[in-house]
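The exercises below ask you to read a protein model step by step, moving from its surface to its interior. Try each task with the structure in view before you turn to the solution.

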Amino acid sequence: MQKIACYIILCLLLGNVAAIAQDTSLLNMLNDSENAADKPHIVTGTFKATQLINMPTVESPGKQNLQFLIMHRFGKLNEGAYELFGLDNASIRFGLDYGITDRLSVGVGRSSVDKAFDGNIKYKILRQSAGAGAIPVSISLYELVTHYTQRYTEKSFLNTRFRTSYTSQLLIARKFSRNLSLQLAPSWTHYNLVATPQDNNDIFAISAGGRMKFTKRMSLTAEYNYLLPDQVVSTKVYNSLSLGVDIETGGHVFQLVFTNSNGMIGPYYLSKTNGSWDKGDIFFGFNISRNFNFRK
């Protein structure tokens, strides 16, 4: 009987030791998990492309990555069947962007609109992070220089410095979830030459847009660019509104676009949009980007 009692007590003691060990192990795992969650980490993939539609995003090519970008807009849908609802006409921009570091990138481009050349630089000032000391937003500074080479007979356009404009945008974005990201972008554009003395050389606008995923590889995008009033008075201009669908296909992103802006770089969609959605001045088009990694 004493042997049986000793055996039972020994089993109970061993069971308690095992339970204590198990509880300790679980507690250590819980603590490790909590510590991992507290560690700061960068939030990635706010957007899947460097362009929301026309507006640049906070994203840029990674270090030693080269991006080839094609932006294409057909003519207006209201041009009718004779022009195949705009498909007979088109404007296009080619661009190359290279990541010097994971934060700094540079790029060049050429547009058929006004035969414009452009150069840009983008720097990630802040990157959204989670965990201890989290940063709630990502902020990038985007600087763009545009020079158009379209031939004109007017004497004032012969001076090359009058053909240059400068655009600065502060891109502020937040990824709220894996499916929703929003961006706000105040901007300033300076024109060396404007049409009349009543037009401002310095143009201010504010842009807003976002991306909503509805499948693993497809997203809805939208952007609205609000031009502050009484800055351009010599011609009728509209605020740029664009809608799109993004399709991720491995190494590139394909974007289907509907917009009232024919121009695809800052000075054009911010302050030279002459199309109206109400009148059917809608340009159908696409953006497509392809990344090449030169990093070993």
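**Exercise 1.** Which strand gives the most to the nonpolar patch?

*Solution.* Keep in mind that this is a predicted model. Begin with the members of the patch, which lies on the surface and is formed by Phe68, Phe94, Leu96, Tyr98, Ile100, Val106, Val108, Ile121, Phe292 and Phe294. Together these residues have about 850 Å² of accessible area. Next, look for the elements that supply at least two residues each, and you will find strand 3 (90–99) and strand 4 (104–111). Of the strands, it is strand 3 that gives the most, with three residues.

**Exercise 2.** Place Phe94 and His72 in their strands, and decide for each whether the residue is buried, partly exposed or exposed.

*Solution.* Phe94 is found in strand 3, while His72 has its place in strand 2 (residues 65–76). The relative accessible area of Phe94 is 40%, so Phe94 is partly exposed. For His72 the value is 12%, and because buried means under 20%, His72 is buried. As a further step, list what His72 touches beyond residues up to four places away in sequence: Ala90, Ser91, Ile92, Met264, Gly285, Phe286 and Asn287. Finally, consider His72 and Phe284, which are 212 residues apart in sequence and yet 8.5 Å apart in space, C-alpha to C-alpha.

**Exercise 3.** Which residues touch the most other members of the largest nonpolar core?

*Solution.* This core has 21 residues, and those touching the most other members are Phe47, Met55, Val58, Leu171, Leu227 and Tyr268. The elements that each supply at least two of its residues are strand 7 (138–148), strand 8 (164–175), strand 9 (180–191), strand 10 (202–213) and helix 2 (266–271). In soluble globular proteins, nonpolar side chains tend to be buried together. To follow one member further, take Phe47, whose contacts, leaving aside residues up to four places away in sequence, include Leu52, Val58, Ala173 and Leu182.

**Exercise 4.** Compare the backbone and the surroundings of Gln64 and Asp114.

*Solution.* Start with the backbone, where Gln64 has a positive phi of about 60 degrees although it is not a glycine, and where Asp114 likewise has a positive phi of about 60 degrees without being a glycine. Then locate them: Gln64 is in the loop between strand 1 (41–42) and strand 2, whereas Asp114 lies in the loop between strand 4 and strand 5 (116–126). Last, turn to accessibility, where Gln64 at 28% counts as partly exposed and Asp114 at 19% counts as buried.

Technical notes: Residues are numbered from 1 along each chain as its sequence is written. This is a predicted model: local features need pLDDT of at least 70, side-chain atom pairs count only at pLDDT 80 or more; totals for chains, interfaces and linings use all residues. Side-chain values use heavy atoms; hydrogens and water are left out. A nonpolar core is a set of buried Ala, Val, Leu, Ile, Met, Phe, Trp, Tyr and Cys residues joined through side-chain atoms within 4.5 Å. Buried means under 20% relative accessible area, exposed over 50%, partly exposed in between (1.4 Å probe, protein chains only). Helices (H or I, at least four residues) and strands (E, at least two) are DSSP runs, numbered from the N terminus. Contact means heavy atoms within 4.5 Å. Patches are made of residues with over 30% relative accessible area and no salt bridge: like charges are joined within 9 Å, nonpolar side chains (Val, Leu, Ile, Met, Phe, Trp, Tyr) within 5 Å. Accessible areas come from the Shrake-Rupley method with a 1.4 Å probe; for residues, only the protein chains shown count as cover. A salt bridge is a side-chain nitrogen of Lys or Arg within 4 Å of a carboxyl oxygen of Asp or Glu.
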